[in-house]
Amino acid sequence: MRRQTASARERAYDTGRRRQWLAGEARAEGVSRRRLLTVLSAAGVLAPLLTAPGAHAAPARGTAAPGILKPLPEHLFTVRGTNAETRFEVLRGTGLHTPADRFFVRNHTETPQLDAAEWALRVWGSGLRGGPAEFGIDDLKSFRAYERSALIECAGNGRGLFAEQQGQEVSGTAWRLGAVGSGRWRGARLADVLRAAGVSEHAVDVMPRGLDPAYVDDGVDQGRVRRPLPLAKALEDVLLAYELNGEPLPYDHGHPVRVVVPGWVGISSVKWVGDIEVSDAPLYSPWNTDTYRLFGPSYPPEGSAPLAEQTLKAAFELPWEAQLRVRTEHLLTGRAWSGRGGVDRVEVSTDGGARWRPARLHDRARSAQWVRWSLPWRPERTGDVELLARAHDTAGRVQPERTVFNEQGYLFSAVVRHPVRVA
Ligand code: MTE
């Protein structure tokens, strides 16, 4: 079945790209890795040779992921194919927003290095009253600027736990919980730009498309990353962001402009946006038909509706298989978040789920944002334990013990059993 192979192929593609990269056949910043290594060994320095003004150096240390430009040191990231997962423990003490140097990266292909001065956004399609409109970066900045906090989270975040915790094989990148980051985004409202472009009363969908290379899946060219958004959401709270945490968007996160769709699955937040189709009929792309729907025995043959809002999760800011000292007081910390409303309660169990204690919340419940939480714990016995955290959201949802299976492993929401060794 086509839809089943799509994200299995994604993993094969990721692996293939990685092999290519290691063999020196892939390119980053226009420099092949073999050439990069030659340059490095000859010069013994990295930055002056490879850093153009305002550009990011190619990874000097840590594990390279093909096509990602920022450094990916091993203590911050786990590289998974063309993607880099944030290690949750490095979020401890970082505040509400994730510093750009540790923000996860999910790339279908590779990060393009675009020049903001040459960039333009084309808005076109049957849902406009007139012809296409074009906006350069200065035009975009002339719209009233809005700033808002929002998480970007991959729909497959937690996917690896289907196998690890539920014994179910699913396809796609086997993330644990670090395919999520929180940003303070600044930009123009998509609604304002669409109005300026002359959106008509007949428009129903808009489809932003990225300027990164086309995604080739098992020899089939799927075109550039694009996914439709219903007009209602597009007009509600979507940003065309040009800043992350007070700085111009980094290359890997969409420079110069990305879409930010608060509360929705990460694929909606198209990076390096180059054009937006506005249509008077529903739009489709492989990213809302073959993937980013739920398929499996619990769903209709054509899959669920295209995924929209995110699910509910809680995570410990601890290494996976953390080592903690016995008879010592530890402050357990973590984050919990929901795509529907905010998280207003977190409970923690240190005995495998028999008893639950309320954690202290350090932030108020806010939509599309996480809350930080903490709870002191003094383990009295040595041995292996599983720590559990369970979030409740303002919409009345609570994390279940198991997530209903879907073939592509999306929207994992079960309580995670975090392994810890007390010694
Ligand atoms: N946009 C483009 N153009 N290309 C991509 O590969 N990946 C999407 C989305 N936007 C992607 C994209 C996915 S699946 C996710 S989860 C988020 O970007 C990841 O954003 P980040 O890399 O800034 O964390």
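In what order do the five strands of the open sheet with strands 18 and 21 stand, and what is the pairing? The order is 18-25-24-20-21, and the pairing is mixed. The legends below refer to close-up views of a predicted model.

**View A. The five-stranded open sheet with the order 18-25-24-20-21.** At the edges of this sheet stand strand 18 (322–324) and strand 21 (357–358). Each of these two strands has a single partner strand, so one side of each is left without a neighbour in the sheet. The pairing within the sheet is mixed.

**View B. Strand 24 and its antiparallel pairing with strand 20.** Strand 20 spans residues 343–349 and strand 24 spans residues 383–393. The two run antiparallel and are joined by six bridges. One residue pair can be followed here: Arg345 has His392 of strand 24 as its bridge partner.

**View C. Strand 24 and its antiparallel pairing with strand 25.** Strand 25 comprises residues 417–422. Six bridges connect strand 25 with strand 24, and the two strands run antiparallel. The bridge partner of Asp384 is Arg421 in strand 25. Pro419, also in strand 25, stands opposite Glu386.

**View D. The open sheet with the order 6-5-16-9-12.** This sheet has five strands with mixed pairing. Its edge strands are strand 6 (133–136) and strand 12 (229–230), each of which pairs on one side only. Strand 5, made of residues 120–124, pairs with strand 6 in the antiparallel sense over four bridges. Within this pairing, Arg122 has Glu134 of strand 6 as its bridge partner.

**View E. Residues around the ligand.** The ligand is surrounded by 20 residues, and the closest are Phe104, Asp212, His253, Arg258 and Lys271. By class, this shell consists of 10 nonpolar, six polar and four charged residues. The space that the ligand takes is the largest cavity.

**View F. Polar contacts to oxygen atoms of the ligand, including one from Arg258.** A backbone N or O atom of Phe104 is placed 2.7 Å from an oxygen atom of the ligand. For His108, a backbone N or O atom lies 2.8 Å from a ligand oxygen atom. Arg258 contributes through its side chain, with a polar atom 2.7 Å from an oxygen atom of the ligand. On its own the ligand has 540 Å² of accessible area, and the protein covers 100% of that area.

**View G. The cis peptide bond between His255 and Pro256.** The bond from His255 to Pro256 has an omega near 5 degrees. Pro256 belongs to the loop between strand 14 (247–248) and strand 15 (258–260).

**View H. The backbone at Asp218, with a positive phi.** Asp218 is a residue other than glycine, and its phi is near 55 degrees. The loop that holds Asp218 lies between strand 10 (216–217) and strand 11 (220–221).

Methods. Residues are numbered from 1 along each chain as its sequence is written. This is a predicted model: local features need pLDDT of at least 70, side-chain atom pairs count only at pLDDT 80 or more; totals for chains, interfaces and linings use all residues. Side-chain values use heavy atoms; hydrogens and water are left out. A residue is near a molecule or strand if one of its heavy atoms lies within 4 Å of it. A polar contact is a pair of N or O atoms within 3.5 Å; within protein, one must be able to donate a hydrogen and the other to accept it, and residues adjacent in sequence count only if both atoms are side-chain atoms. Accessible areas come from the Shrake-Rupley method with a 1.4 Å probe; for residues, only the protein chains shown count as cover. On a 1 Å grid over the protein atoms alone, a cavity is a set of points where a 1.4 Å probe fits but cannot get out, and a pocket is an open set with protein on both sides within 12 Å along at least five of seven lines; lining residues have an atom within 4 Å of a point. A molecule sits in a cavity or pocket if more than half of its atoms lie within 2 Å of its grid points. Ala, Val, Leu, Ile, Met, Phe, Trp, Tyr, Cys and Pro count as nonpolar, Asp, Glu, Lys and Arg as charged, and the others, Gly among them, as polar. Two strands pair if DSSP finds at least two bridges between them.
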